[in-house]
Amino acid sequence: MFKHLFASMNEMLDEVMSEYPSSTAVKRKHLKEKLRALKAMSDSCIEEWLLFEEKLGQMMQATGMVSLLDSADPLDPEFAAKRSDLFVRGQGFYKLHMYSEAIDQFAELLHNQPDFTLARIYLAMSYFHQGHTEDSYSHFQFLSQLTENLKLKAISLNAMGCIQVKQNNLEKACELFDLAYRTDPSSVEPLIDLGVCREKQGGLHFTFSQSRRSGQPL
């Protein structure tokens with residue numbers, strides 16, 4: 001159902017994109033109306049999806065299914081009790097790549113629960129995707145000092161290393177990758193990043209794939 005809907009929306013958007021540059025004033029006005037309609041449909045889909053996610057999460061918690069799902073994630077026991085509607089909405093925005101909206105949700109959540117580590121990871125990642133590397137780095141740095149969870153600490157240190165690479169601070173990046181690996185030797189990502197960093201000496205694109213390997217939906 002959704003595939004057909006979005007296929008039609010994409011087809012209409014492609015039509016607008018192809019016709020708009022050479023359109024007349026009257027035609028351009030018509031195309032703008034199509035864009036407004038597409039935007040309204042997109043916003044409606046997003047809102048309905050987020051509301052459904054919240055409702056589904058509440059029902060799963062009420063039936064005890066949340067604990068069953070969380071048991072498959074090694075990081076969740078520390079955070080399961082804090083998964084509020086605000087968190088679900090923030091996570092939903094993040095999954096939809098709506099990072100500005102995700103930042104608003106997680107920032108508000110952390111204002112009330114500053115020790116909510118998973119929310120801070122999402123906030124740091126959202127800042128990174130928005131290109132706000134200083135904000136992202138400061139949150140990851142705070143996490144690396146705050147958490148006692150070695151896997152989360154390694155994720156944070158590795159992320160800081162990736163940001164240092166983007167800023168061409170390769171010596172500092174190697175130091176952070178090495179520290180991340182020594183913090184959690186079971187995670188090979190920092191070791192790989194360290195090896196590539198030392199071999200290539202810059203011009204690299206690093207990802208936060210370690211967070212996905214560790215079970216986090218980032």
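**Exercise 1.** Determine whether Asp184 is buried or exposed in this predicted model, and which residues surround Asp184.

Solution.
Step 1. Asp184 has a relative accessible area of 8%, and therefore counts as buried (under 20% relative accessible area; exposed is over 50%, partly exposed in between; 1.4 Å probe, protein chains only).
Step 2. Asp184 sits in the loop that links helix H9 (170-183) to helix H10 (189-200) (helices are DSSP runs of H or I, at least four residues, numbered from the N terminus).
Step 3. Beyond four places in sequence, Asp184 contacts Leu150, Lys151 and Ala154 (heavy atoms within 4.5 Å).
Step 4. With Lys151, the Asp184 side chain forms a side-chain polar contact of 3.3 Å (a pair of N or O atoms within 3.5 Å; within protein, one must be able to donate a hydrogen and the other to accept it, and residues adjacent in sequence count only if both atoms are side-chain atoms).

**Exercise 2.** Describe the surroundings of Leu5.

Solution.
Step 1. Leu5 belongs to helix H1 (residues 2-19).
Step 2. At a relative accessible area of 30%, Leu5 is partly exposed.
Step 3. Residues up to four places away aside, Leu5 touches Met41 and Cys45.
Step 4. Between Leu5 and Met41 lie 9.9 Å, C-alpha to C-alpha, at a separation of 36 residues in sequence.

**Exercise 3.** Find where confidence is lowest and where it is highest.

Solution.
Step 1. The chain has an average pLDDT of 75 (the predictor's confidence in each residue, from 0 to 100).
Step 2. Helix H11 (residues 209-213) is lowest, with a mean of 39, and helix H7 (residues 133-146) highest, at 92.

**Notes.** Residues are numbered from 1 along each chain as its sequence is written. In this predicted model, local features need pLDDT of at least 70 and side-chain atom pairs 80 or more, while totals for chains, interfaces and linings use all residues; side-chain values use heavy atoms, without hydrogens and water.

Methods: Helix = DSSP H or I, 4+ residues; strand = E, 2+ residues; numbered from the N terminus.
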